[in-house]
Amino acid sequence: MNIQNLFYSLLAASVYGSWAFYVNSVSGKGWQAFMTQGALSFMSTLFFLSLILWIVTLREGLTHQLLVGMGIPNLLVMTILYVTHFLAGTPNIVSTILPSCVVGLVGSFFYIRGLKLPAVLPNKVNAVISGVS
């Protein structure tokens, strides 16, 4: 884990946890939603970038890398967020997770586009990814 990923994870926990508190405070479950979303955002941010990088290095062609690299991680994280909030009893689940889902989708597009992947990956196991740690 590097400092940049840790910073983004803490930022995500603070921002999306605060949003969850705001949209659920009327119900009296603001702090519960804050803790649930904050923890989920922290862990999913750490996991998310690693998963995208792994998936993208297994694919060739920018279009395929974008579709698969955005689709699988985002669907997985959205499902985990929804199920966890459902189990935690968060009253406004869609409103709670929508901002992080939208930012995750858009962010993954720019993250994949910004990767400096070799044009041809003849030996994917030994491929070098520069600019990402």
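## Opening question

Which helices do the buried residues of α4 pack against? They pack against α1, α2 and α3, the last of these covering residues 62-88. Keep that picture in mind as you look around this structure, which is a predicted model.

## The overall layout

Let's start with the whole protein. The protein contains four helices and zero strands, and from the N terminus on its elements run α-α-α-α. Helix α1 covers residues 3-24 and helix α2 covers residues 30-57.

How much of the protein is buried? Of its 133 residues, 38% count as buried. The protein exposes about 7,800 Å², and carbon and sulfur atoms supply 72% of that area. Contacts also reach across the sequence: among those with a separation of 6 or more, 68% are between residues 24 or more positions apart.

## A closer look at helix α4

Helix α4 runs over residues 93-114, which makes 22 residues. From its first C-alpha to its last it reaches 31 Å, close to the 32 Å expected at 1.5 Å a residue. Where does α4 bend? Look at proline 99, where the helix bends by about 30 degrees.

The buried residues of α4 are Ile93, Thr96, Ile97, Ser100, Cys101, Gly104, Ser108, Tyr111 and Ile112. Try finding them one by one in the structure. An α-helix has 3.6 residues a turn, so residues three or four places apart point the same way.

## The nonpolar core

The largest nonpolar core has 16 residues. Those with the most contacts inside this core are Ile52, Val56, Leu81, Ile97, Tyr111, Ile112 and Leu115. Which elements give two or more residues to the core? They are α2, α3 and α4, and the largest share, six residues, comes from α2.

Isoleucine 112 is a good residue to zoom in on. Leaving aside its neighbours within four places in sequence, isoleucine 112 is in contact with Ile52, Val56, Gln65, Leu66, Gly69 and Met70. Two of these partners, Ile52 and Val56, are also listed among the core residues with the most contacts.

## Two buried residues with 0% accessibility

Now for two polar names. Asparagine 24 is found in helix α1, and glutamine 37 is found in helix α2. Are they buried or exposed? Asparagine 24 has a relative accessibility of 0%, so it counts as buried. Glutamine 37 is buried too, with a relative accessible area of 0%.

What do they touch, leaving aside neighbours within four places in sequence? Asparagine 24 is in contact with Lys29, Gly30, Ala33, Thr90, Pro91, Asn92 and Thr96. Glutamine 37 is in contact with Tyr16, Gly17, Ala20, Leu81, His85, Thr96, Ile97 and Ser100. Thr96 appears in the list for asparagine 24 and again in the list for glutamine 37.

## A cluster of aromatic rings

How many aromatic pairs does the structure hold? There are five. In one of them, the rings of phenylalanine 21 and tryptophan 31 have their centres 4.8 Å apart and their planes at 55 degrees, so the pair is tilted. Phenylalanine 21 lies in helix α1 and tryptophan 31 in helix α2, so this pair ties together parts that are ten residues apart in sequence. Tryptophan 31 and phenylalanine 34 form another aromatic pair, this one edge-to-face, with 5.5 Å centre to centre and 75 degrees between the planes. Both of these residues lie in helix α2, three residues apart, which is about one turn of the helix.

Together, ring pairs link Phe21, Trp31 and Phe34 into a cluster. Tryptophan 31 is exposed at 58%, above the 50% cut-off. Phenylalanine 21 is partly exposed at 29%, and phenylalanine 34 is partly exposed at 23%.

## Where α1 meets α2

Our last stop is phenylalanine 42, which has its place in helix α2 and is partly exposed, with 23% relative accessibility. Not counting residues up to four places away in sequence, phenylalanine 42 touches Leu6, Ser9, Leu10 and Ala13. Its C-alpha atom is separated by 9.4 Å from that of tyrosine 16, although the two are 26 residues apart along the chain.

One of those partners, leucine 10, lies in helix α1 and is partly exposed at 48%. Leucine 10 and threonine 45 are 35 residues apart in sequence and 8.9 Å apart in space, C-alpha to C-alpha.

Notes
Residues numbered from 1 in each chain as written. Predicted model: local features only at pLDDT ≥ 70, side-chain atom pairs only at ≥ 80, totals over all residues. Heavy atoms only, no water. Phe/Tyr/Trp six-rings, centres within 6.5 Å; stacked < 30°, edge-to-face > 60°. Buried < 20%, exposed > 50% of the residue type's maximum accessible area, 1.4 Å probe, protein only. Contact = heavy atoms within 4.5 Å. Expected span 1.5 Å × (residues − 1). Bend = angle between axes of the 7 residues up to and from the residue. Core = buried A, V, L, I, M, F, W, Y, C linked by side-chain atoms within 4.5 Å. Areas by Shrake-Rupley, 256 points an atom, 1.4 Å probe, with all protein chains shown as cover.
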